[in-house]
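Biologist: Could you walk me through this one slowly? I'd like to ask why each label applies.

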Amino acid sequence: MTLRPLRSALLAGGLALMLGMSACGLDSPKPSGTSAGAEDTGTLTIYTARDKALATEVIADFEKANPKYAGKVQLLTLGAQEALERVKAEKSNPQGDIWWGGTQQQMQQAAAEQVLSPAPKDVIDAVPAGQRDADGVWVGEMKLAEVIFYNKDMLTADQAPKDWDDLISPAMKDKIAIRDVLASGTMRSISAAMIDRQFDAAGSPDAGYEWLKKLDANTKVYAANPTDLYLRITRQEAAVTAWNLQDVMLQIKNQKAPFTPVVPASGAPMLIDGVAKIKDGPSPAGADAFLSFLMSKDEQTKLSETYFQIPTISLPKEPAWLADLDLKEMKVNWERVNKSEPEWSAYWAANIKGQGNK
């Protein structure tokens, strides 16, 4: 074969290869930092730590309001900490578009890792400045009240804890189940709040660590995930735990769980639960559409009335169930918690979990 025929053959072969790749959807990689097309109608992938029934209903509402995404939304349910680790691990090749459900501390960690993108301006403007990132790379969707709850078939109201310190009393020995702290954004925040409330008086986290050691000594079992926690309380393996009010109310309503929530006398830590657009996700236009829909007054009103959400955005009226609770907020230095929570949680895992009875 002479040089000219060889060049022609290579060109023809290269063209055929390019056509073949295009036909198979194997397009050339996009330049680093370049988002997918703003008009994409591709699959929208959402990583969520939210209640499955709630998330499924919201997606159905979203697809109805945005028919171009009908049948194209994929939900992957993860713990909030698992979602954070996944978004960080996929930084060089993002597979998700939305991270829905994570604490303020977790969202801020993701912002520091530069794995999030700003929400649409109308969404940012609707959320008070203290309940979102300054640049809007995450926004608080709702406020979560952290409370105590107990199995009413095991304890009377008189026997049940009334405040946080009741959890470490001798009467609660082997009556407590706790969701494993490291894998749970909710428990990380509750644990950190218990340390923070004693930090100023002690000048260190030591008093909080001692409190957590006493809680560990009263803990009968650590639950692997929220479902495991609900089952252990329902099956009377333990009588008492601490968790977020919304999930407790949903378990009572939907599963007829024998739970009774207790708003601690000294107050409930109020967490900000956020939602964020993942940087350079496959469907940025879909992510924007979802955020605008989720944070709309109509959808937030529905979620507050049906799913016991405490919204961050201003609504025309407060849901009736919330007015009946007389919810008192615990004072927490969230700036200190945001900075110190990873260190405190690591200390709990290394020095407190399972050590209380030794």
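Biologist: Why is Q300 called buried?

Modeller: Its relative accessible area is 0%, and buried means under 20%, exposed over 50% and partly exposed in between, using a 1.4 Å probe and protein chains only. Q300 therefore counts as buried. Before we go on: this is a predicted model, in which local features need pLDDT of at least 70 and side-chain atom pairs count only at pLDDT 80 or more, while totals for chains, interfaces and linings use all residues. Residues are numbered from 1 along each chain as its sequence is written, and side-chain values use heavy atoms, with hydrogens and water left out.

Biologist: Where does Q300 sit, and which residues does it touch?

Modeller: Q300 belongs to helix α12 (residues 297-306); helices here are DSSP runs of H or I with at least four residues, strands are E runs of at least two, and both are numbered from the N terminus. Leaving out residues up to four places away in sequence, Q300 touches E141, L294, M295, Q309, P311, I313 and L315. Contact means heavy atoms within 4.5 Å.

Biologist: What makes E341 buried?

Modeller: E341 has 3% relative accessibility, so it counts as buried. This residue lies in helix α14 (residues 334-351). Apart from neighbours within four places in sequence, E341 is in contact with Q109, R188 and A192. E341 and D196 are 145 residues apart in sequence, with 9.6 Å between their C-alpha atoms.

Biologist: Why is helix α11 described as largely enclosed by the rest of the structure?

Modeller: Helix α11 (residues 284-294) has 8 of its 11 residues buried, so the description fits. Those buried residues are P284, A285, G286, A287, F290, L291, F293 and L294.

Biologist: Which way do the residues of strand β6 point, and how does β6 run relative to β7?

Modeller: In β6 (residues 176-179), I176 and I178 point one way, A177 and R179 the other, and all are buried. β6 and β7 run parallel and are joined by 4 bridges; two strands pair if DSSP finds at least two bridges between them, so these two pair. R179 stands opposite A223 in β7.

Biologist: What makes an empty space a cavity, and how many are there of 30 Å³ or more?

Modeller: On a 1 Å grid over the protein atoms alone, a cavity is a set of points where a 1.4 Å probe fits but cannot get out, whereas a pocket is an open set with protein on both sides within 12 Å along at least five of seven lines. There are 3 cavities of 30 Å³ or more. About 120 Å³ lies in the largest cavity; grid points are joined across faces, edges and corners, and volume is the space filled by probe spheres set on the points. Lining residues have an atom within 4 Å of a point. The largest cavity has 16 of them, with I178, M187, W211, L212 and L215 closest to its centre.

Biologist: How do the linings of the largest cavity and the largest pocket divide?

Modeller: Ala, Val, Leu, Ile, Met, Phe, Trp, Tyr, Cys and Pro count as nonpolar, Asp, Glu, Lys and Arg as charged, and the others, Gly among them, as polar. The lining of the largest cavity has 13 nonpolar, 2 polar and 1 charged. The largest pocket holds about 730 Å³, and its lining has 12 nonpolar, 16 polar and 7 charged. Of its 35 lining residues, A49, P226, Y230, W243 and D247 lie nearest the centre.
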